[in-house]
Each structure stands twice: as structure tokens, then as C-alpha cells.
Amino acid sequence: MTSKEIAAQLGISPATVSLALNNRPGVNRETRKRVLALAKQSGLIDKRNEERKNVLFLEYRKNGSDSNQSNFAQIFSSVIEGVERQAREQSCRLRVVTADAGSLSDTLAQSLDEQVSGALVLATEMDEGQMKLFEGKNVPVILLDNYCEDADLSCVTINNEQGVELAIRYLLQMGHSCIGYVHVEGDSVNFRERYFGFQRAMEIHGMPLQQQNIIRFSTLYGGEAVYWEILKGLRTMSKMPTAFFTDNDIIAIYTIQALHELKLRVPEDVSVIGFDNIASAEFVQPSLTTVATSKHELGSCAMNQLVSLMNGSLQGTQKIQIRSRLIVRDSVKNLHEE
């Protein structure tokens, strides 16, 4: 029996049959059951395919498609590539859904049904209350790129503190002893960990933490608003640091633009280092020295961890951290060469 014959027998469209057989959204639960039952009865679904586990991948965007679109799109693309590759290796079917702050609860209610064996959640922009919604569900859940101390949820994150220490160590090796920091205050776990990492790195290397060299800002808006906040912070400095560490590459690029507005050259007058190694970091002028985090590895590791949970071979709640590495380009000056 073919998909078209199943559609004709059930009185539904071939497209609906395809959605049901491929575990895609857009089919109600009863119709999906009828399609799968007839497909199994007719032999259209073989035994191996029947035993494959269904995995839900939830992409959460705080403000829908308008939130940090370019940067987030790059993160999602790398993470999902790692997830998809490992899903194929583990013979899992993957279904991708998206949600924002307004639709998260409804998306969970519709997506976490009996067809789903486990869920991966790209939680980069989630707050703790939203992450707690996944606690106690009837399927295993793994958080990616975030974690919640108060929830019994395993996660895979990047090692922010280790990455920041790499950046500070490199700046010191290049002869920089007056190091500034451009920091975003808010509810981002990654940014909070990078702040703690900056404090820890300065302490490890015997450097005093000079609060006057830290530019702090918080904004609900991205883009140009970030640029103006950084420019305002730079203008208040009585003495300009020789180098700045920044919370991510987007902030680093805006910092370079703000320094240029003040007629300061990068790296000749002030060095700048970023975090994340987004695609555009290589092509700005000067090309950006940054800390790279493997989002592909994060996705692969999370998929493996979820399979272990689904198989019952993983005990307890685990937090796995992916190490970072330094990418040296042109935005940091070697003061020893002066």
C-alpha cells in the first residue's frame, strides 16, 4: 500500500499522510494514529523504522524572529547541524519546532505528546521560570546553552569561565596590563558567567579588578542602542585601557565602531577581543580576535546525552561543559614589539 492509497482509504490528503509518517507538526493526534496504524498494517513502516525514537528539538527565541536575529541564526544553524548529524547516527527521527515568550506554553502542550521519546531545548534566551516548565515532563529533556540551578534538568553548555581566562591570558601575554571590560547586565546566564570569569581570570593572574574600566549597560534593544551605550561608557573614562574584553563578538564590533568615533585606532591605540567567533568576526576591520565555542559539538553532545537518558543508561542530573579555544586575528596589538 502506498501513501496515496492510505490517503484515499482514510479520506485525507496525501500531504497529511506525509506529515504523519515523517512525524511533522500540522496533524492532529487521532489522524496521526490512524495513519500510522494503517501504514504498519500494510507494511509501509518496517520494523526498524517503527523502533526509531522520535526526538523533539525546540528552538526558543525570546522575542520571536526579531531577537538578535543574525547572531542567533548563526548559533542555531551550528547547533542544529550537530544535533541532526548525531540523530542520524543514533537512528532517531528529529522534529524541529520554534517558540517565543508568548507561545512557549502552548507549543509544549502541543508538541510533548506520546509520540515524543525525548526533547532537546535550545535555551540560550530562556529565563529560569521558562526552563522550569520542562521539569517533571513525561519525557527526558536536555537543555542546550543554558542551565537552571533550581531545576532537575541535565544540560550541555559552553565553558564560559575557561574561555574568558584564555582571552585575559592572551592579552597579558601581549603586554596589556590595563584591561577594560564591556559587559551586558541582564538575565543571560552566559554573560553572567563571563563576568565571573573575568573577575576570576584577573585574580588568577594577579591583576587588580578596576571597576572604572568596566563598561556596564543593559538595554532591551539591540543594534544601534548597544553602540550608543558603549560610546557613552567610553566617553566617561578618564584613562582609556589598552585593551577591552567584551561579552560577545557583536559587542566587540560595536566597541570597535565606538572607538573609531572617538578617533582611536584598533589595535594601534586600543585592542579588542570578543567571544563566540561568529561568521562576521573574520571579515570586520580589523579582523576580530575572539574565543571560539563549538556549537556543533554542543549539539552533538546534547543528542548523545539525550539518547543515554532515553535508554536509561544515564543516571542523575548532569551538566556537561564544552571547552573553548582562542582564535587569534588582528584586533590585539603586541605591546612588547613597541
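In strand β9 (residues 271–276), Ile-273 is the bridge partner of Phe-245, a residue of strand β8 (residues 243–246). Strands β8 and β9 run parallel and are joined by 3 bridges; two strands count as paired if DSSP finds at least two bridges between them. Between these strands the chain passes through helix α11 (residues 249–261), and this β-α-β crossover is right-handed. Right-handed here means that, with the strands pointing away from the viewer, the path from the first strand over the helix to the second runs clockwise. Helices (H or I, at least four residues) and strands (E, at least two) are DSSP runs, numbered from the N terminus.

The structure is a predicted model, in which local features need pLDDT of at least 70 and side-chain atom pairs count only at pLDDT 80 or more, while totals for chains, interfaces and linings use all residues. Residues are numbered from 1 along each chain as its sequence is written, and side-chain values use heavy atoms, with hydrogens and water left out.

**Overall view**

The protein chain contains 12 helices and 12 strands. Its C-alpha trace spans about 80 × 40 × 35 Å along the principal axes. Of the 338 residues, 51% are buried, where buried means under 20% relative accessible area, exposed means over 50%, and partly exposed lies in between (1.4 Å probe, protein chains only). Contacts are defined by heavy atoms within 4.5 Å. Among contacts between residues at least 6 apart in sequence, 69% join residues at least 24 apart.

**Strand β8 and its surroundings**

In a regular strand the side chains alternate between the two faces of the sheet. In β8, Ala-243 and Phe-245 point one way, Phe-244 and Thr-246 point the other way, and all are buried. Besides its pairing with β9, strand β8 is joined to strand β6 (residues 179–184) by 4 bridges, and β6 and β8 run parallel. Within this pairing, Phe-244 of β8 is the bridge partner of Gly-180.

Asp-247 follows in the loop between β8 and α11. This residue is buried yet has no salt bridge, and the nearest side chain of opposite charge, Arg-194, is 5.7 Å away. In this charge assignment Lys and Arg count as positive and Asp and Glu as negative, while His and the chain ends are not counted. A salt bridge is a side-chain nitrogen of Lys or Arg within 4 Å of a carboxyl oxygen of Asp or Glu.

The side chain of Asp-247 does take part in polar contacts, one of 2.6 Å with the side chain of Tyr-181 and one of 2.7 Å with the side chain of His-183. A polar contact is a pair of N or O atoms within 3.5 Å; within protein, one must be able to donate a hydrogen and the other to accept it, and residues adjacent in sequence count only if both atoms are side-chain atoms. Not counting residues up to four places away in sequence, Asp-247 touches residues including Val-182, Phe-191 and Phe-275.

**Salt bridges**

Side chains of opposite charge can pair when their charged atoms come close. The count comes to 9 salt bridges, among them the following pairs.

| Salt bridge | Distance (N to O) |
|---|---|
| Glu-161 and Arg-200 | 4.0 Å |
| Glu-165 and Arg-169 | 2.6 Å |
| Asp-269 and Arg-265 | 3.1 Å |

The pair of Glu-161 and Arg-200 links distant parts of the chain: Glu-161 lies in helix α8 (residues 160–173) and Arg-200 in helix α9 (residues 189–204), 39 residues apart. Glu-161 is partly exposed at 30% relative accessibility, and Arg-200 is partly exposed at 41%. Glu-165 and Arg-169 both lie in helix α8, 4 residues apart, which is about one turn of the helix. Glu-165 counts as buried because its relative accessibility is 11%, whereas Arg-169 is partly exposed at 35%. Asp-269 has 31% relative accessibility and so counts as partly exposed; Arg-265, at 47%, is likewise partly exposed. In addition, Arg-194, Asp-276 and Lys-295 are linked in a network of salt bridges.

**Strands β1 and β2**

Strand β1 (residues 53–60) pairs with β2 in the parallel sense over 8 bridges. Phe-57 stands opposite Val-96 in β2. Strand β2 is mostly covered, with 6 of its 8 residues buried. Arg-93 is found in this strand, which comprises residues 92–99, and is buried with a relative accessible area of 17%. Its side chain makes a polar contact of 2.6 Å with that of Asn-54.
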